[in-house]
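The following exercises are to be worked through with the sequence and the model at hand. Each task is followed by a solution in steps.

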Amino acid sequence: MLFRSLRQRVGPITVDTSGTQRDDLSIVNVPVDCVAYVMGKNGVVLRNIEEEYGTLMFFGVPTVGVTEGVEKLMILGSRRSRRGAELKVMSAVEHKRKGFFVDDNKELRARLEQVGDGEGDGWGYDVFPFHDEEFSYALGAQGSTRKKLASASGCILEYIGDIAVMAGNRDERRRCWDYLNWLLKQRKGALNVDPKGRDDVLELPVAAGKAGRLSGKAGNVLRSIEKETSTFCFMTDHRGAADGESRDELMLIFGADKRNRYKAMDLMEDAMEGKYQRSEERRVGKEC
């Protein structure tokens, strides 16, 4: 890999694709007019994708399979890292050239098929089509909501045009699909989610009058806790008190990592007592 990286400094890299396919290589078609956009100034966009997913990426010249009008982007790395980088590049291309990867029916024009797919071990991907204004809501400012759902579920999640693509094992994809569905349902009002039988959730009763402290102004406290702990959290409709009686609300803390869920619960209890500090504030306090 180091040789290939240095080789880019002196000219195009020719990749032998005539024999047995490498088990660490994926190839993505990028339209010629999108290459500069995918690369970014001085290659910064490509380098950021490499860093995010732990890959080595470069435009190469294959010995076979040359396609007119497209450049071949070579992605080297593990199966998981290659799929994440592949989807990120597809997202960039679709933003620049709408319709290249996604058709008018909000479906991928071609199945994702790289080395490591179809091995019968539960690894795969699901496609979730967005409707109306769902995309911007599910994306969030600078992609913050998408990143939150991906981090909490442990699933690769990228948006390509008007669809979300979730990649990972069955459990990761199941969590991601649920979290994205619940997120979109929040736009229409309070959720009523039954956590029974799930292994990715903690329940935290929130005493009457404490919900405001836990949420914070415009939800900033809850969003901060979610980001710090890689969780997805929300209040659910919690039955249990007679009509007219005050009752506790129920916060559901979802996430793939058990330790992160318990950390989120601890921080939420601090928030309800008015003792919560953002991670940056706690670091400053320790340094002082």
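**Exercise 1. Burial.** What percentage of the 288 residues of the protein count as buried?

*Solution.* This is a predicted model, in which local features need pLDDT of at least 70, side-chain atom pairs count only at pLDDT 80 or more, and totals for chains, interfaces and linings use all residues. Residues are numbered from 1 along each chain as its sequence is written, and side-chain values use heavy atoms, with hydrogens and water left out. Buried means under 20% relative accessible area, exposed over 50%, and partly exposed in between (1.4 Å probe, protein chains only). By this criterion, 44% of the 288 residues count as buried.

**Exercise 2. A sheet.** Determine the order of the strands in the open sheet that contains E5, and identify those at the edges.

*Solution.* Step 1: helices (H or I, at least four residues) and strands (E, at least two) are DSSP runs, numbered from the N terminus; the protein has 11 helices and 10 strands. Step 2: two strands pair if DSSP finds at least two bridges between them. The order in this open sheet of 3 strands is E5-E7-E6, with antiparallel pairing. Step 3: E5 (124-129) and E6 (156-160) each have a single partner strand, so one side of each lacks a neighbour in the sheet and both stand at the edges. Step 4: E6 is joined to E7 (residues 163-168) by 5 bridges, and Ile-160 has Ile-163 in E7 as its bridge partner.

**Exercise 3. Cysteines.** Explain why Cys-176 and Cys-155 form no disulfide.

*Solution.* Step 1: a disulfide is a covalent bond between the sulfur atoms of two cysteines. Here the criterion is a pair of cysteine sulfur atoms within 2.5 Å. Step 2: the closest cysteine sulfur to that of Cys-176 lies in Cys-155, at 4.3 Å, which is too far for a bond. Step 3: the structure as a whole holds 0 disulfides. Cys-176 is also buried, at 0% relative accessibility.

**Exercise 4. A glutamate in a helix.** Is Glu-226 buried or exposed, and with which side chain does its own side chain make a polar contact?

*Solution.* Step 1: Glu-226 is found in helix H9 (residues 220-229). Step 2: its relative accessible area is 1%, so Glu-226 is buried. Step 3: a polar contact is a pair of N or O atoms within 3.5 Å; within protein, one must be able to donate a hydrogen and the other to accept it, and residues adjacent in sequence count only if both atoms are side-chain atoms. The side chain of Glu-226 makes such a contact with the side chain of Arg-223, at 2.7 Å.
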